[in-house]
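Colleague: I would like to go through this model with you step by step, and I would be glad if you explained each term when it comes up.

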Amino acid sequence: MSENFQSEKDEEKEILNGAEQEAESAKESDSKNDQDAPQEPEEETVEAKLAKSEAEVADLKDRLLRQMAEFDNYRKRTMKEKAEIILNGSAGVVTDILPVIDDLERAIANSAKSEDYSALKEGVELIYNKLMHILEQKGLQKISPKNEPFNTDFHEAIAMIPAPSEDLKGKVLDCAIDGYKLNDKVLRHAKVAVGE
């Protein structure tokens, strides 16, 4: 009986040992499966991340191309506008001067018929004043520097003449041709004679 008992105990031990080994191998395979299982989703997430990044790069390229095209169109449009401004920039001034041209044409037509030179002179002075008024409204200023100190920013000396007095040395004694400024930019220097 003790032999039977002993053999049963040995069988139980073997069964327990086998069960323990199976449990351990199951745990090992489960842990391996656990380790393998996260790797598969990681590979999927890496692939998903790669696809997402590629889509993002494609989107950024598309936006960049659109921005470049938009900027190119803007540049072309502004160049065209600048060219139009240069070509038609003086249209406002010319439009304002048209009545003066009409007045001059009438004066020329009437000068042939009339022999009253004082009326002709008065008409020309009126036309001149009208023209100067229009140009002054556009920012034109006359440089007429008689008895002012000589200034190379606004004056061009065409002659040096002896000054009649000490206080006129270095000053403009005579202005041969008036100069003009447009909005503080010199268009033409006044041609002057300076006292020495």
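Colleague: Which residue forms a salt bridge with Lys 169?

Modeller: This is a predicted model, in which local features need pLDDT of at least 70 and side-chain atom pairs count only at pLDDT 80 or more, while totals for chains, interfaces and linings use all residues. Residues are numbered from 1 along each chain as its sequence is written, and side-chain values use heavy atoms, with hydrogens and water left out. A salt bridge here is a side-chain nitrogen of Lys or Arg within 4 Å of a carboxyl oxygen of Asp or Glu. For Lys 169 the closest N and O atoms are 3.2 Å apart, and the partner is Glu 166.

Colleague: Is Glu 166 buried or exposed?

Modeller: The words depend on relative accessible area, where buried means under 20%, exposed over 50% and partly exposed in between, with a 1.4 Å probe and protein chains only. Lys 169, at 42% relative accessibility, counts as partly exposed. Glu 166 has 61% relative accessibility, and therefore counts as exposed.

Colleague: Which residues are joined into one network by salt bridges that share partners?

Modeller: Asp 72 and Arg 75 meet through their side chains in a salt bridge of 2.5 Å, N to O. Both lie in helix 1 (residues 2–88), three residues apart, which is about one turn of the helix; helices (H or I, at least four residues) and strands (E, at least two) are DSSP runs, numbered from the N terminus. Asp 72 is partly exposed at 25%, and Arg 75 is partly exposed at 37%. The network made by shared partners consists of Asp 72, Arg 75 and Lys 76.

Colleague: How many residues apart in sequence are the parts that Asp 96 and Lys 138 tie together?

Modeller: Asp 96 and Lys 138 form a salt bridge whose closest N and O atoms are 2.7 Å apart. Asp 96 lies in helix 2 (residues 91–113), whereas Lys 138 lies in the loop between helix 3 (117–137) and strand 1 (140–143), so the parts tied together are separated in sequence by 42 residues.

Colleague: How do helix 2 and helix 3 run relative to each other?

Modeller: Two packed helices are described by the angle between their axes and the distance between the axes. Axes are lines fitted to C-alpha atoms, for helices over the stretch in contact, and angles run from 0 to 180 degrees between N-to-C directions. The axes of helix 2 and helix 3 come within 10 Å and cross at roughly 175°. Since angles over 145 degrees count as roughly antiparallel, under 35 as roughly parallel, 65 to 115 as roughly perpendicular and the rest as oblique, helix 2 and helix 3 are therefore roughly antiparallel.

Colleague: Which strands stand at the edges of the open sheet?

Modeller: The open sheet has three strands in the order 2-6-3, with mixed pairing, and two strands pair if DSSP finds at least two bridges between them. Each edge strand has a single partner strand, so one side of each is left without a neighbour in the sheet, and these edge strands are strand 2 (155–161) and strand 3.

Colleague: Which residue in strand 6 stands opposite Val 172?

Modeller: Strand 3 and strand 6 run antiparallel and are joined by four bridges. Opposite Val 172 stands Val 194.

Colleague: Which strand gives the most residues to the largest nonpolar core?

Modeller: A nonpolar core is a set of buried Ala, Val, Leu, Ile, Met, Phe, Trp, Tyr and Cys residues joined through side-chain atoms within 4.5 Å. The largest one has six residues, namely Ile 143, Val 172, Cys 175, Ala 190, Val 192 and Val 194. The elements that give two or more residues to this core are strand 3 (172–177) and strand 6 (190–195). With three residues, the strand that gives the most is strand 6.

Colleague: Is His 155 buried or exposed?

Modeller: His 155 is placed in strand 2. Contact means heavy atoms within 4.5 Å, and, not counting residues up to four places away in sequence, His 155 touches several residues, including Ile 143, Val 172, Ala 190 and Val 192. With a relative accessible area of 4%, His 155 is buried.
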